[in-house]
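Colleague: I am new to this structure. Please take me through some of its contacts.

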Amino acid sequence: MASPTTDHGPGAADSGPRDSGAEGAPAARPEQVRSRFWLGDLYRSSLGKKYAMAVTGLVLMGYVALHMLGNLKLYFGQDSMNEYADWLRLFGSPAAPESSVLWIIRVVLLVSFVVHIVAATQLTIMNRRARPQRYASRRDWVAADFAARTMRWSGIIVLAFVLFHLADLTFGTANPDFHHGDAYGNVVASFQRVPVSVFYIIANLALGLHLYHGAWSLFQSMGWSNRRFNHWRRYFAIGFTVAVVGGNLSFPVAVMTGLVA
């Protein structure tokens, strides 16, 4: 039996000449031509932006956890912390130039931070355009938008803190008692200034809010959501946040109370 596409009888309508390629095959429609840069196509979608936030979020979460663990050297004394700082600076040497690996890590973190912020901003704009009308009930709107609003403001606070933290303890421009090669002394001198310690505590509380929401939504963004283990997602988010933020908060408290001097 002939199919409709192969019926060329008297009843078949003549659609005129067709545009064909060199081999006589029908040319592809414009919408069928895909970009070679499939990552770009993926990123332009809301799903791609969620993936970008999840991947960069993992990188940044790994960094803050390792950073906190390394800073625990503060409790082992000046020599221990300064040796750790020297190890970071010399990591990869002599195979690689001094500090080169450290700068590569910094660049990766910077790129991850920028991509995370840009993707979050673009996703927020896309969501607003997709839902131009507010919820009929203010209660529903507050419940639905709470996570987004807290992530936004906590992210701004954390960004401000990161910039100050770099100026304070990495480059020394914001620390009048900064001395190159004395990481321990720089930390103590910084946290002995009450406004700096207060800002550090506030920033880490904001970081905790950001980490909790991020660690929870990470699994959803990557498609790792299942009712059978969703409760473990909450345990992980709480445990990770408490460990990182608790460790970080202990540093200024230890210095201000004289436990570390």
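Colleague: Which residues does Tyr-184 touch, not counting residues up to four places away in sequence?

Modeller: This is a predicted model, in which local features need pLDDT of at least 70, side-chain atom pairs count only at pLDDT 80 or more, and totals for chains, interfaces and linings use all residues. Residues are numbered from 1 along each chain as its sequence is written, and side-chain values use heavy atoms, with hydrogens and water left out. Contact means heavy atoms within 4.5 Å. With neighbours up to four places away set aside, Tyr-184 touches Leu-74, Gly-77, Gln-78, Met-81, Asn-82, Val-260 and Ala-261.

Colleague: Which helix gives the most residues to the largest nonpolar core?

Modeller: A nonpolar core is a set of buried (under 20% relative accessible area, 1.4 Å probe, protein chains only) Ala, Val, Leu, Ile, Met, Phe, Trp, Tyr and Cys residues joined through side-chain atoms within 4.5 Å. The largest has 14 residues, and Tyr-184 is among those that touch the most other members. Two or more residues come from each of helices H5, H6, H7 and H8. The top contributor, with 4 residues, is H6.

Colleague: Is H2 parallel or oblique to H8?

Modeller: The axes, lines fitted to C-alpha atoms over the stretch in contact, of H2 (residues 46-71) and H8 (residues 230-256) come within 9 Å and cross at roughly 40 degrees. Angles under 35 degrees count as roughly parallel, over 145 as roughly antiparallel, 65 to 115 as roughly perpendicular and the rest as oblique. Therefore H2 is, relative to H8, oblique.

Notes:
Axes fitted to C-alpha atoms, helices over the stretch in contact; angles between N-to-C directions. Buried < 20%, exposed > 50% of the residue type's maximum accessible area, 1.4 Å probe, protein only.
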